[in-house]
Amino acid sequence: MADASVATVRGRFLWYELLTSDPKAAQKFYTKLIGWSAAPFEVPGAPSDNPYSMWMNGEAPVGGFIQLPEEAQKAGAPSHWLAYIGTPDVDATAAEAQKLGATVHHRMEIPTVGRFAIIADPQGAVFAAYTPAEPPAEPPATPGVGEFSWHELATSDHEAAFDFYHRLFGWEKTESMDMGPAGVYQMYGPNGETLGGMFNKTSDMPGPPCWMYYTVVPDAEAAAEKVKKSGGQVVSGPMEVPDGSGDMIVQCMDPQGAAFALHSRKG
């Protein structure tokens with residue numbers, strides 16, 4: 001039975017996790033690039049040879065990182081970021097996802113933390129549905145430096161993907177943008193709030209459907225240079241967001257191959 005006190009988490013992005021082939025190198029890269037620090041976190045029942053650490057933005061945790069399991073690496077899984085999306089009842093959400101054509105890969109309960117399920121949506125993009133043990137703090141109206149500001153899904157069928165996430169998390173369509181030959185960029189979110197966008201991958205975009213998460217930095221152009229100097233790769237940009245705001249974005253890969261993006265606001 002879902003706890004009524006966590007009902008307000010539905011459809012919110014609550015946690016961001018990096019599963020990486022080299023946690024020490026990743027820690028060095030992101031702390032230098034974004035300014036996060038790292039703090040150990042003991043997961044009850046987890047093996048001591050694969051410790052979990054939290055990304056700290058000042059005093060506030062924004063996510064975590066851990067070694068990508070060896071079996072996942074052997075199976076060809078790359079280093080990657082995984083977001084946890086809130087739901088009052090993760091098992092009901094996982095069951096609904098399966099009915100809609102998704103694949104549930106793993107479920108786990110962490111005492112005092114919450115219960116989650118790793119799910120691949122019907123097009124193959126992976127996320128986690130998460131019911132926290134206690135309701136988290138309300139997110140800021142405008143994400144600040146070091147916080148995640150945008151959640152972008154590149155997929156093979158954005159209309160079908162939107163219908164799937166609408167059923168699971170109650171997201172509604174907000175604004176949309178015609179990108180010409182690239183098609184429609186559909187923005188979405190709960191209760192009139194925009195959390196990100198979805199679009200169909202173009203033929204020159206390698207890899208399967210996937211999520212990309214944007215973190216706020218003071219200067220995306222300067223950060224792009226840091227990425228390259230630190231052994232990462234700039235995949236796209238820096239470029240101005242085509243909404244007239246003057247904001248800048250850049251899409252990157254860290255030295256271990258995990259895709260991520262950065263966002264800075266004008267002024």
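A residue counts here as buried when its relative accessible area is under 20%, and with that cut-off in mind the tour of this predicted model can begin at an arginine.

**First stop: R12**

Select R12, in the segment that comes before β1 (13-20). Its relative accessible area is 13%, so R12 is buried. Leaving aside residues up to four places away in sequence, R12 touches Y84, I85, G86, P136, A137, E138 and P139. Display the backbone of A137 as well, because the R12 side chain reaches the backbone oxygen of that residue at 2.8 Å.

**Second stop: helix α3**

Move on to helix α3, residues 90-99, and colour V90, T93, A94 and A97, which are buried. Looking down the axis of α3, you will find that these buried residues fall within an arc of 100°, so they line one face of the helix. What do the buried residues of α3 pack against? Add β6 (103-110), β7 (114-120), β8 (126-132) and α4 (158-169) to the selection, since these are the elements that the buried residues of α3 pack against.

Both ends of α3 deserve a look. At its start, a side-chain oxygen of D89 comes to within 3.2 Å of the backbone nitrogen of D91, while just after the helix G101 adopts a positive phi of about 100°.

**Third stop: two helix pairs**

Keep α3 and α4 in view: they pack at an angle of about 155°, and their axes are 10 Å apart. The two helices are therefore roughly antiparallel to each other. In this contact T93, E96 and A97 of α3 face F164, R167, L168 and F169 of α4, and α3 passes α4 in a right-handed crossing.

Next select helix α1 (residues 23-34) together with helix α5 (residues 220-229), whose axes come within 10 Å and cross at roughly 155°. That angle makes α1 roughly antiparallel to α5, and the crossing in which α1 passes α5 is right-handed. To see the residues that meet, show F29, K32 and L33 in α1 and A223, K226 and V227 in α5.

**Fourth stop: the loop between β11 and β12**

Go to T194, which is found in the loop between β11 (184-189) and β12 (196-200). Is T194 buried, partly exposed or exposed? With a relative accessibility of 23%, T194 counts as partly exposed. Residues up to four places away in sequence aside, T194 touches W150, T174, E175, M187 and Y188. Two polar contacts between side chains can be drawn here, one of 3.0 Å joining T194 to T174 and one of 2.9 Å joining T194 to E175. For a sense of distance across the model, measure from the C-alpha atom of T194 to that of S53, which lies 141 residues away along the chain; the separation is 29 Å.

N191 lies in the loop between β11 and β12 too, and at 80% relative accessibility N191 counts as exposed. Although N191 is not a glycine, its phi is positive, at about 55°.

**Last stop: further backbone geometry**

Most residues other than glycine have a negative phi, and most peptide bonds are trans. Against that background, select T112 in the loop between β6 and β7, where phi is near 70°, a positive value in a residue other than glycine. With 75% relative accessibility, T112 counts as exposed.

Finish at strand β14 (residues 233-240), where P238 has its place. The peptide bond that joins G237 and P238 is cis, with omega at about 5°.

Key
Residues numbered from 1 in each chain as written. Heavy atoms only, no water. Buried < 20%, exposed > 50% of the residue type's maximum accessible area, 1.4 Å probe, protein only. Helix = DSSP H or I, 4+ residues; strand = E, 2+ residues; numbered from the N terminus. Arc of directions from axis to C-beta. Contact = heavy atoms within 4.5 Å. Polar contact = N/O pair within 3.5 Å; in protein donor to acceptor, adjacent residues only side chain to side chain. Axes fitted to C-alpha atoms, helices over the stretch in contact; angles between N-to-C directions. Parallel < 35°, antiparallel > 145°, perpendicular 65-115°, else oblique. Left-handed = near helix turned anticlockwise from the far one by under 90°.
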